[in-house]
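The following note is offered to a colleague who wishes to read this structure point by point. Please keep the sequence and the structure in view throughout.

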Amino acid sequence: MTDHSREECILMFEKLSEYIDNELDGPTCEEIEKHAMDCIACKICLETLRKTVILCQSLKQEEKPVSGEFSKKLLDFIKNNSAPLVLQK
Amino acid sequence: MQNCLNPKIKHDDDYELIAKINSGKTELFHELVRRYEKKLYNFGLRMCGNVQDAEDMVQDSFINVFSYLKDFRYETKFKNWLYHIATNACLKKKRKSKHAPERELSLEEFLPKEGDEIPVRIPEWAYLPLERLLNEELSSVIRNGILAIPEKYRLVLVLRDMEGFSTAETARILNLTAENIKVRLHRARLFLKERIKVYFQND
């Protein structure tokens, strides 16, 4: 980590996810941006973490269908096993 | 089962259906299953990594929902209440199957070590557009990377980054503080980042 104290880098490192999620106040965001401009190690941490989040979020589009067999089994199972519990209430 | 989630929700598309089921039209429960089974099944796949465990989790969750629906107090979105039940079903399932060993993730293990060679530029994968980057091989690395994250951290990452819950909603679903959610999410993401980094280093 370049011209900064390690403590400064660690403080920034701790807040990277909150920064990516826009959960920090304005002055803290500015501090992080300023630090990242001068510190290539922290800038790399920030950009690789940001892309990790984007990649992970992109996978939420991948939705597998539930098999028709399981769907039917599920409804039958609920019908046979849970009805008495509801009726008791 | 207490409805301890968000007390400020005023309306939810599922309320009317739940009211009908609770008034005795239990045959309408299949509509509630139809609305959420796919979502819950995919949540199960992301958490457990295999079809059998995901199906078991969905089944256990709906059995619990059906059993406790009378206690639903219309103070939170039904979806959030459902995920509260589903995460508990997931945790029980994993305890039984003794899948990935649970361990704490510390921030220190992800910090660049003093004396490490300082990289000079941002790696290409961090700035390439998604459409040039994402393929089946990388998707598989990410899916396996997520499954390798210790469970309590993985649960937060899946709820926040894949299921789309906010920090506050995730905190309520898991009965944790928002601060705790942020800490776990950050460590889970750092864990996954290392997996992706290694993949591109070996590419």
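1. The bend at a residue is the angle between two axes, one fitted to the seven residues that end there and the other to the seven that start there. In this predicted model, helix α2 of chain B, residues 29-48, bends by about 45 degrees at B:Tyr36.

2. Which residues of α2(B) are buried? B:Tyr36, the site of the bend, is one of them. The others are B:Phe29, B:Glu37, B:Leu40, B:Tyr41, B:Asn42, B:Phe43, B:Gly44, B:Leu45, B:Arg46, B:Met47 and B:Cys48. The charged residues B:Glu37 and B:Arg46 thus appear in the list of buried positions. Just after α2(B), B:Gly49 adopts a positive phi of about 85 degrees.

3. Chain B as a whole contains 10 helices and 0 strands. Its pattern along the sequence reads α-α-α-α-α-α-α-α-α-α. The C-alpha atoms of chain B fill a box of roughly 65 × 35 × 35 Å along the principal axes. The chain has 203 residues, of which 38% count as buried. Of the contacts in chain B with a separation of 6 or more, 72% join residues 24 or more positions apart.

4. One helix pair of chain B merits separate comment. The axes of α7 (residues 136-148) and α10 (residues 178-202) come within 9 Å and cross at roughly 140 degrees. Angles over 145 degrees would count as roughly antiparallel; α7(B) and α10(B) are therefore oblique to each other. The crossing of α7(B) with α10(B) is right-handed.

5. Which residues form the contact between these two helices? From α7(B) come B:Val141, B:Ile142, B:Gly145, B:Ile146 and B:Ala148. They meet B:Leu192, B:Arg195, B:Ile196 and B:Tyr199 of α10(B). By class, this contact has 7 nonpolar, 1 polar and 1 charged residues. The polar residue is B:Gly145 and the charged residue is B:Arg195.

6. Chain B also touches chain A: 43 residues of chain A are in contact with 47 residues of chain B. On the chain A side, the elements that give two or more residues are α1 (6-14), α2 (16-20), α4 (40-58) and α5 (68-88). Of these, α4(A) gives the most, with 15 residues. By class, the side of chain A that touches chain B has 23 nonpolar, 9 polar and 11 charged residues.

Technical notes: Residues are numbered from 1 along each chain as its sequence is written. Chains are lettered from A and ligands numbered from 1 in the order in which they are written. This is a predicted model: local features need pLDDT of at least 70, side-chain atom pairs count only at pLDDT 80 or more; totals for chains, interfaces and linings use all residues. Helices (H or I, at least four residues) and strands (E, at least two) are DSSP runs, numbered from the N terminus. A residue is buried if 20 or more other C-beta atoms lie within 10 Å of its own, exposed if 12 or fewer, and partly exposed in between; C-beta atoms are placed from the backbone. Two residues are in contact if their C-beta atoms, placed from the backbone, lie within 7 Å. Axes are lines fitted to C-alpha atoms, for helices over the stretch in contact, and angles run from 0 to 180 degrees between N-to-C directions. Angles under 35 degrees count as roughly parallel, over 145 as roughly antiparallel, 65 to 115 as roughly perpendicular and the rest as oblique. A crossing is left-handed if the near helix is turned anticlockwise from the far one by less than a right angle, and right-handed if clockwise.
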